[in-house]
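Here's a quick look at two things: cysteines and a helix pair. Have the structure open as you read.

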Amino acid sequence: MDQVLQVLEDVGRPATVRLQAYNALHSMLRDPPDRETPHRIAQTFPRVLTALARDIALAMPAPGAPLQDASDAKPPPAIVVARSAVRAFGYLIHSATTVPSIRENQVRDIVKILCDCIQLTNDRTLCNLGLWCISVQTLILPPSAISSLLSAITSALVPLSISVPSDADGAVGRFSSSTIEHEGLTALQRLLSQLPTEMCLERSLMSWVPLVYSRLLSSVQKVAEKAETVMRSAMPYISQMPPASLTTFRAAVAVDLLGPPPAPSLIRTLDAEARKGAAGNGGGRETAIIRVWGYLVFLLGPAIFTNDIINKLLATPEKFFFHPSPSVRMSTFENWKLLIDNFAEDRASLILTKRLNLLLMPFAGTLKKERDPAVRTQGIGSWIYLLHTIGANDLHKDDVFSRAVEPILGMIVNDLDPGIFMLSLECAERLLSSRDTHDALPSPRLGALNVAPPTLPLLSSEWLSSKIDFFMSALLKPALARVDQVPDAIPLLDAFWASVLQ
């Protein structure tokens, strides 16, 4: 290590010698020859950091210099040395031995070095290595570092906005590189795992979330998959934002996605990809496409009700509810929950006839034609999720119950699959059971779905009388006809009928 340091600290050494020294440091960090080597490197970290910063700075171009393509056969010596230096840098700030010895002021220096490396370089490889360093670092980052790091990542990934069509593969950032796109998204994922609160502040979100959702339908599969991973990780944090901040964020997303041409290209691309998928030409991306649909429904929030956007968005699940692949149909039912959540943000309008009928559409129509038991079970789970979202206070209203419960429950109680038949009885029992006896009766199938319909409030005799024909003809009669085939149904029927008679 002493010999390596002597070379790195001697600015007069030739580039070839310095390159050898960095390669040696890189090798010692990646595969230490003994247990003491990482500790010796950690002890000399301030000196190594100074040498790294100098060699990276020497590789920065003069203002206005052209971009340096990574495939150039003979890059300048300073670039070659800097590349090796940044590789070693990444291992230094990842090492479990080195990182604990790094002080707070050194972390600030490291952040500045990385940001300069990404933002100022005209070399694609150096830019990508700088992003990689952010992806692998295990530093204790101060919250104040987020702004600088996001600016650096953004500089690598733009110019790319929602206005860039997915087939414009050359317009993917200043280096036109899917490798940099992937590494930039990975860097965002790392920062999100380290400082989720700071990443999801209102002032931060719009600097990076559009970089993610604009790549969800990238024609480069690894980029699209990484974008979805980051989006999926961010969703829980975004949904927990204060209501006012979430509203402001969604308004900005709506401007980005729904503004004048060419802004709405992501929605157009989604529709085009859905058409391909429905025609059997989706290339196996159909489940990813419907998940992207769900992300857009979540991100846009109430804006889906403006300018006929809801009708444009509904075209995607309408195609995929009838897709030949059961997994695609299951995913479509699962993502329908995000539309339910969207509608439920305005509680007063959730049970309005037009909106409730729209939410019930796949259950009242599509589910009836579904032949695959696993898909039917998933669909029933999404229907129960809707009942749970409506809530007991609204669900017991006669017009809501007659539309949201009676036709679907009456349909699934006649399902030939014993598991689905039992699930229908568990739903009926849960809706009408008294709170005193409810917990005593197990509901394994509802438990497997992780959602249950609400227990309705104490119902009047008038309400029950008005529903007696439904309970008798649509539920009890077909259920009794099958108890010989499904004896486990008897306790549920007893509990259900006891609830009605109460």
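## Cysteines

How far is the sulfur of Cys200 from the closest cysteine sulfur, and in which residue is that sulfur? The partner candidate is Cys115, and at 19 Å its sulfur is too far for a bond. Cys200 is also buried, at 8% relative accessible area (buried means under 20%, exposed over 50%, partly exposed in between, with a 1.4 Å probe and protein chains only).

Cys127 is a similar tale: its closest cysteine sulfur, in Cys117, sits 7.4 Å away, too far for a bond. Cys127 has 0% relative accessibility, so it counts as buried. With a disulfide taken as a pair of cysteine sulfur atoms within 2.5 Å, the count is zero.

## Ground rules

This is a predicted model, where local features need pLDDT of at least 70 and side-chain atom pairs count only at pLDDT 80 or more, while totals for chains, interfaces and linings use all residues. Residues are numbered from 1 along each chain as its sequence is written, and side-chain values use heavy atoms, leaving out hydrogens and water.

## Helices H9 and H12

Now for the helices (DSSP runs of H or I, at least four residues, numbered from the N terminus). H9 covers residues 178–194 and H12 residues 221–239; their axes come within 9 Å and cross at roughly 20° (axes are lines fitted to C-alpha atoms over the stretch in contact, with angles from 0 to 180 degrees between N-to-C directions). That makes H9 and H12 roughly parallel, the word for angles under 35 degrees.

Residues in contact (heavy atoms within 4.5 Å) include Leu185 and Leu192 in H9, and Val230 and Tyr237 in H12.

Conventions. Helix = DSSP H or I, 4+ residues; strand = E, 2+ residues; numbered from the N terminus. Parallel < 35°, antiparallel > 145°, perpendicular 65-115°, else oblique.
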